[in-house]
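Here is a quick tour of one model, told as a walk from its surface into its interior. Keep the viewer open while you read.

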Amino acid sequence: MEQESDTDRLHGEFKTPGGKLTAVDLSIRDGRMVDVSVNGDFFLEPDEALLDINDALEGLPADTAPGEIAAAVTARLDPSVVLFGFSAGAIATAVRRALGRATGFADHEWEIIPPTPLSTPMHVAMDEVLTHDVGAGARNPTIRFWEWQSPSVVIGSFQSVRNEVDQGGVERHGVTVVRRISGGGAMFMEHGNAITYSIYVPQSLVDGLSFAESYPFLDAWVMEALERLGIRAWYQPLNDIATEVGKIGGAAQKRLANGGMLHHVTMSYDIDADKMLEVLRIGKEKMSDKGTRSAKKRVDPLRRQTGRTREEIIEVMISTFRQRFGAVDATLSEDELRRAEHLVERKFGTDEWLYRVP
């Protein structure tokens, strides 16, 4: 029987955020995975469990969904087995990457759109436009930094305007209220006081990852940027970015049916906490698991923690992203601006959208 050459072997890798590298080598025969070898710098006890993991993957159809791959591994392992630095989900992602059904950051050509002033309705509309375009393959995966023109509150897709926003405070401070397409909580920001970026990716980049795992995975680069600024930050499940002295930001996501995915983050640079409390309704239930009685104490802005200007911090973020992924500078096209304006007219600038949850 003719022996398969090394070129017949498929190889995939996935590094668990904050954990270890998981690699998978395999071949495909008659549409099924064969000669599977899971390896990496992870820890596993007992050693013999590695054979069980390989056996769990052996013979699975090449089109097996990531959740089913992870379930097959879990079902094969004795409950006493310890996986340290990786998981069944990490194995599934490495397998899917080997099969070309999942991608990594290095598989894409990245673009960076630097801070660009837009109205708040245009910002949320642009998120929908660019997410759709990346999903359709009409634009490379992109990171876009926002620039604010006016005081704004951006509420989550499923939040109630009445429960989240103090109408008196909004009118008193001239705040614009807009609903975005992603879930999560309300954000209050003013010009120069917040750092917001959106990442638009194909869902293949997070194939095999749970929603909870995708947040730190997509923001590993920004943790490196913050470390360069002297800040050790981490994700506090599900979507808060925290440091030892307090929360600095939060993230939200939206996945479109065409395969595009939006991941965006807002970090506080120099928030006016008193004004925030006049504009947002922050109830006791929301604070019940935060370990503090004061909403003011929940947020510790980047200006105080770094002593750097907002522009300097954004530049460190952009340079970190560029160095890690080879990203190139880009701009918003006239067509993208036109389509976003159209979305503002028929969706994001309408009361029907804003008050869809009164």
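Let's start at strand 5, which covers residues 82-84 and holds Phe84. One thing to keep in mind as we go: this is a predicted model. Is Phe84 buried or exposed? With a relative accessible area of 55%, Phe84 is exposed, because the cut-off for that label is over 50%. Phe84 also has company out there: together with Phe43 and Val82 it makes a nonpolar surface patch of about 320 Å².

For a contrast, move along to helix 3, residues 88-98. Here 11 of the 11 residues are buried, so helix 3 is largely enclosed by the rest of the structure. The buried set includes small residues such as Ala88, Gly89 and Ala90, but Arg96 and Arg97 are on that list too. Just after helix 3, Gly100 takes a positive phi of about 80°.

**The sheet and its helix**

Next up is an open sheet of three strands, ordered 9-8-10 and with mixed pairing. Which strands stand at the edges? Those are strand 9 (176-179) and strand 10 (187-189); each has a single partner strand, so one side of each is left without a neighbour in the sheet. On average, neighbouring strands of this sheet are turned by 20° against each other, direction ignored.

Strand 8 (residues 152-155) pairs with strand 9 in the parallel sense, over four bridges. If you want a spot to zoom in on, Ile155 stands opposite Arg179 in strand 9. Helix 4, residues 120-135, packs on this sheet and touches both strand 8 and strand 9. The direction of helix 4 makes about 15° with that of strand 9.

**Salt bridges**

How many salt bridges does the structure hold? The count is 21, and three of them are set out here.

| Pair | Closest N to O | Where the residues sit |
|---|---|---|
| Arg144 and Asp127 | 3.2 Å | strand 7 (residues 142-147) and helix 4 |
| Arg339 and Asp133 | 2.6 Å | helix 14 (residues 334-348) and helix 4 |
| Arg228 and Glu224 | 3.1 Å | both in helix 8 (residues 220-228) |

Helix 4 turns up again here, with Asp127 bonded to Arg144 in a salt bridge. That pair links distant parts of the chain, 17 residues apart. Both Arg144 and Asp127 are buried.

Asp133, in helix 4 as well, meets Arg339 of helix 14, and this link spans 206 residues. The two ends sit in different settings by the numbers: Asp133 is buried, with a relative accessible area of 7%, whereas Arg339 is partly exposed at 23%. Why does Arg339 miss the buried label? Its 23% is not under 20%, which is what that label asks for, so Arg339 counts as partly exposed. The pair is also part of something wider, since Asp133, Asp335, Arg338 and Arg339 are linked in a network of salt bridges.

The Arg228 and Glu224 pair stays within one helix. Being four residues apart in helix 8, Arg228 and Glu224 are separated by about one helical turn. Arg228 counts as partly exposed at 41% relative accessibility, and Glu224 gets that label too, at 26%.

Technical notes
Residues numbered from 1 in each chain as written. Predicted model: local features only at pLDDT ≥ 70, side-chain atom pairs only at ≥ 80, totals over all residues. Heavy atoms only, no water. Patch = residues over 30% accessible without salt bridge, like charges linked within 9 Å, V, L, I, M, F, W, Y side chains within 5 Å. Areas by Shrake-Rupley, 256 points an atom, 1.4 Å probe, with all protein chains shown as cover. Salt bridge = Lys/Arg side-chain N within 4 Å of Asp/Glu carboxyl O. Helix = DSSP H or I, 4+ residues; strand = E, 2+ residues; numbered from the N terminus. Buried < 20%, exposed > 50% of the residue type's maximum accessible area, 1.4 Å probe, protein only. Pairing = 2+ DSSP bridges. Axes fitted to C-alpha atoms, helices over the stretch in contact; angles between N-to-C directions. Contact = heavy atoms within 4.5 Å.
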